[in-house]
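Work through the exercises below with the coordinates open. Try each task before reading its solution.

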Amino acid sequence: MRTSIPAWRGAATVLAPVLMMTLLTGCTTNPGQSSSGQPDASSSARPGGFDISTIASGLDAPWSFVVDGDTALVSERDSGRILELTADGEQREIATIDAATPMGEGGLLGLAVRDDDLFAYFTAGDENRVERYELTGAPGSLGLGEPETILDGIASARTHNGGRIAFGPDGMLYVTVGDAGNREAAQDRNSLSGKILRLTPDGDVPEDNPFDGSPVYSYGHRNPQGLAWDDDGTLYASEFGQDTWDELNIIEPGRNYGWPVVEGMADDDRFVDPVQQWAPADASPSGMAIAEGSIWIANLRGERLREVPLEDTSASTEHLVGEYGRLRDVAVAPDGTLRVLTNNTDGRGDPGQDDDRVLRLDPAAAG
């Protein structure tokens with residue numbers, strides 16, 4: 001069902017999800033595993049660290065990783081392919097989103113699964129949009145039904161497209177939207193750009209949204225990339241800064257996060273300061289999840305998995321630093337092991353022989 005959103009931007013409707021995922025953790029270990037997902041003879045786990053294996057390889061600019069029961073789905077930004085990773089480590093293409101237009105940071109971005117539907121956020125020429133597809137078949141032979149446009153009219157550009165979609169514990173859909181290079185739009189509540197949006201699963205504006213008749217949940221964002229909720233329902237978001245600070249924010253309804261007036265901690269009552277900030281060379285925070293009392297953030301330029309304890313969000317521990325290159329997304333599997341998606345083939349990394357990969361990290365087995 002496609003419905004229009006009143007009193008705000010005539011072209012848009014919404015519904016979309018991403019399966020929000022949590023995570024488990026540890027410190028660093030070395031690579032060296034088989035594509036079947038089982039450690040080979042060269043694998044190792046240092047005391048207190050991760051036991052790591054590769055469960056998929058040869059991916060092309062992967063962007064989003066979604067766990068749905070025993071099935072994992074991966075989006076490839078530039079090819080527009082959606083891949084199914086089976087329990088035994090095989091991968092197969094279930095569909096190609098032909099309408100997805102690869103352009104810089106744009107293309108096929110976030111994925112989400114809700115019930116029997118798959119949702120995808122992608123760049124389509126001069127706009128970003130969210131579409132919904134029925135998931136057909138069974139694990140190992142999944143397919144997609146016909147597309148239904150859920151949200152369109154989001155400004156697109158070669159950079160700052162946002163693209164993460166997720167359902168929160170309140171059952172509402174959250175969508176991260178970048179400023180698409182139009183800095184001032186982030187402060188304009190009549191624009192979708194530079195925002196985090198919140199909608200009902202049917203694409204309506206929730207009655208308890210902070211701005212009457214508007215899907216805007218928070219604003220003043222440059223390029224938010226990750227979403228995660230803790231057990232108390234607190235929403236955290238990671239965000240790319242410009243030249244000075246990348247951010248980890250606690251998202252509060254109706255609040256202004258400062259861009260482009262400020263970047264990072266400004267101690268300005270008009271804006272919400274991040275709970276943690278990092279130099280872009282050490283971060284470029286992307287997908288994130290919460291588990292075991294910590295926030296886990298995949299970092300691109302910083303090439304590391306960052307752990308931020310919920311009990312002290314000003315602290316952090318770095319894992320896998322420089323060992324697997326750029327990290328795009330992170331998730332938790334049904335067995336409690338971690339999935340980390342590398343992102344070295346997107347034109348900005350230095351791909352290794354097996355890149356890009358999905359890594360399986362088992363901190364429980366690390367000793």
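**Exercise 1.** In strand 24, which residue is the bridge partner of leucine 327?

Solution. First, the ground rules. The model is predicted, so local features need pLDDT of at least 70 and side-chain atom pairs count only at pLDDT 80 or more, while totals for chains, interfaces and linings use all residues. Residues are numbered from 1 along each chain as its sequence is written, and side-chain values use heavy atoms, with hydrogens and water left out.

Step 1. Locate the elements: strand 23 covers residues 327-332, and strand 24 covers residues 338-342. Strands are DSSP runs of E, at least two residues, numbered from the N terminus.
Step 2. Check the pairing, which requires at least two DSSP bridges between the strands. Here 5 bridges join them, and they run antiparallel.
Step 3. Read off the partner: leucine 327 bridges to threonine 342.
Step 4. Inspect the turn. The two strands form a hairpin with 5 residues between them. Glycine 336 in that turn has a positive phi of about 90 degrees.
Step 5. Check burial (buried is under 20% relative accessible area, exposed over 50%, partly exposed in between; 1.4 Å probe, protein chains only). In strand 23, 6 of 6 residues are buried.

**Exercise 2.** Describe the largest nonpolar core and the contacts of leucine 197.

Solution.
Step 1. Apply the rule: a core is a set of buried Ala, Val, Leu, Ile, Met, Phe, Trp, Tyr and Cys residues joined through side-chain atoms within 4.5 Å.
Step 2. The largest core has 20 residues. Those touching the most other members include Tyr121, Ile154, Val175 and Leu197.
Step 3. Elements giving two or more residues to this core include strand 7 (117-124), strand 10 (148-155) and strand 13 (195-199).
Step 4. List contacts (heavy atoms within 4.5 Å). Not counting residues up to four places away in sequence, leucine 197 touches, among others, Leu151, Leu173, Val177 and Tyr217.

**Exercise 3.** Which residue forms a salt bridge with arginine 348, and how far apart are the closest N and O atoms?

Solution.
Step 1. Use the criterion: a side-chain nitrogen of Lys or Arg within 4 Å of a carboxyl oxygen of Asp or Glu. The count comes to 19 salt bridges.
Step 2. The partner is glutamate 105, at 3.1 Å. The two residues are 243 residues apart in the chain.
Step 3. Compare accessibility. Arginine 348 is exposed because its value is 56%; glutamate 105 is buried because its value is 18%.
Step 4. Take a second pair: arginine 326 and aspartate 346 meet at 2.7 Å, N to O. Both are buried.

Note on methods
Helix = DSSP H or I, 4+ residues; strand = E, 2+ residues; numbered from the N terminus.
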